[in-house]
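Please open the model in your viewer and keep the selection tool at hand, since each stop on this tour begins with something to pick out.

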Amino acid sequence: MTRAEYRWLLPSDLADDPPEAAATPQQSPVRDAGGPAARGARWRPGRRRTVRDWVVDTAAFAFAALLGVLAAEASRGMDNASAVVVADQVVAAAACCALWVRRRWPVQLTAVLSVVGIVAPGVGGALLVALFTAAVRVPFGRLAPLGLFAMACSIAQAVVRPDPSMGLLAGVIASAVLLLLVTGWGMLVRSRRQLVAALRERAARAEAEAELRAEQAQRAAREAIAREMHDVLAHRLTLLSVHAGALEFRPDAAPADVARAAGVIRDSAHDALEDLREIIGVLRAPGEGDADRPQPTLATLDELAAESRQAGMRVTLDNGVPDPSGVPAATGRAVYRVAQEGLTNARKHAPGAEVTVTVRGRPGDGLTVEVRNPAARDSAARMPGAGQGLIGLTERAVLAGGRLDHGPLPEGGFALRAWLPWPV
């Protein structure tokens, strides 16, 4: 049987889903100030009744009603007035009906029934059931004063409404023993449920940690394979360089030798590309496909501006490059990333401001992209930033042979400007 199939056999405290394995100790719902799992957090029992809870509630109601009927018969046998007997029956019936809400207010119901029980012995059964529920659902720090209060009220009941079949001392002892037994039983049930919940949480955490260790082992294996492929790729590139150097220093070689060397160079380059493709495939995360790795260029800058407008930004794109598809792919990607970071910064630090993205350039002169936005209208809406994006863009521009400048404008606002080479 799966857990969903035997869910109806569990109490509501254990039928709920276990906590996530990534939950922090302070967030774990199975911890309790008096439990062994942790101290300082509260264990929250479930509130949705299961089939088992309905059966238990019905049995508890029948038990309390039976004791109420016996108490009413005892009251009639003590020659009490008819009004007193009827009042005992009505109060006992009300106490039995109140047991259906004992899961939500166990402490309050136990306290009320303890007070009512002083003058109405018919609520004794309902009081025992309510006290048991309180012992199951509240920690010992709250249960101890409640138990002492219920015991004091039982002593008062033995004085106010004594049982003629036993003496005062015997009645007090009997009431105290019953209350202690019920309280101890409830505490035992609570401890067992806490233990089961803690074991379930530990199992969930162990399963999550096992998955994490499996992913780490897979990543380590992939990196080892990639290192081996890197050595093979380095060998192929070295072979390619040697043959290319031979052609450079032997321009007067026979045509057959030149053709043979060119074939070796072609084959080595092809094999090197295949090895590089395999390295990238090995290092790629599992399940990642080509659709998950978009390679934006300058031609996709319009889509970036459209996405920003859909997000609520006011973006003006001024692309002065006649043929964006003619820009080298690496340069186009760098321009795209600069514009993307500039729009992200404007959205974070100047929400609501109009952003202008300007792209200019031609072959030989390089490519310039500038993202400019005025100061934020509402300074309280700005989000703090760590500047990591600008550091990464600066490194990208330097590696591409260009430069990146950024800073506040004299009239307010912020500007991000990058120049990238565009060879003829």
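Which side chain is joined to that of Arg103 by a polar contact of 2.9 Å? Bear in mind as you look that this is a predicted model. Select Arg103, which is found in the loop between helix H3 (82-98) and helix H4 (106-116), and then add Asp57, whose side chain is the partner in that 2.9 Å polar contact. Arg103 counts as buried, because its relative accessibility is 16% and the cut-off for buried is under 20%.

Next, turn to the second largest pocket, which has a volume of about 480 Å³. To find its centre, select Val56, Arg102, Val129, Phe132 and Trp185, which are the closest to it of the 20 residues that line this pocket. Then colour helix H2 (51-77), helix H5 (124-137) and helix H7 (168-249), the elements that each give two or more residues to the lining. What classes of residue make up this lining? There are 13 nonpolar and 6 charged residues in it, together with 1 polar residue.

Stay with helix H5 and select Thr133, which lies in that helix. Is Thr133 buried or exposed? Thr133 is buried, because its relative accessible area is 5%, and buried means under 20%. Now add Trp105 and display the C-alpha atoms of both residues: these atoms are separated by 9.5 Å, while Thr133 and Trp105 are 28 residues apart along the chain.

The last stop is a group of strands. Select strand S1 (residues 314-319) and strand S2 (residues 354-362), which run parallel and are joined by 6 bridges. One pair to look for is Asn319 with its bridge partner in S2, Val359. If you follow the chain from S1 to S2, you pass through helix H10 (residues 329-349), and this β-α-β crossover is left-handed.

Now add strand S3 (residues 366-373), which runs antiparallel to S2 and is joined to it by 7 bridges. Here you can pick out Arg362, whose bridge partner in S3 is Gly366. Between the two strands of this hairpin there are 3 residues, and Gly364 takes a positive phi near 95°. While the strands are on screen, show the side chains as well and keep a general rule in mind: in a regular strand the side chains alternate between the two faces of the sheet.

Notes:
Residues are numbered from 1 along each chain as its sequence is written. This is a predicted model: local features need pLDDT of at least 70, side-chain atom pairs count only at pLDDT 80 or more; totals for chains, interfaces and linings use all residues. Side-chain values use heavy atoms; hydrogens and water are left out. Two strands pair if DSSP finds at least two bridges between them. Helices (H or I, at least four residues) and strands (E, at least two) are DSSP runs, numbered from the N terminus. A crossover is right-handed if, with the strands pointing away from the viewer, the path from the first strand over the helix to the second runs clockwise. Buried means under 20% relative accessible area, exposed over 50%, partly exposed in between (1.4 Å probe, protein chains only). A polar contact is a pair of N or O atoms within 3.5 Å; within protein, one must be able to donate a hydrogen and the other to accept it, and residues adjacent in sequence count only if both atoms are side-chain atoms. On a 1 Å grid over the protein atoms alone, a cavity is a set of points where a 1.4 Å probe fits but cannot get out, and a pocket is an open set with protein on both sides within 12 Å along at least five of seven lines; lining residues have an atom within 4 Å of a point. Grid points are joined across faces, edges and corners, and a volume is the space filled by probe spheres set on the points. Ala, Val, Leu, Ile, Met, Phe, Trp, Tyr, Cys and Pro count as nonpolar, Asp, Glu, Lys and Arg as charged, and the others, Gly among them, as polar.
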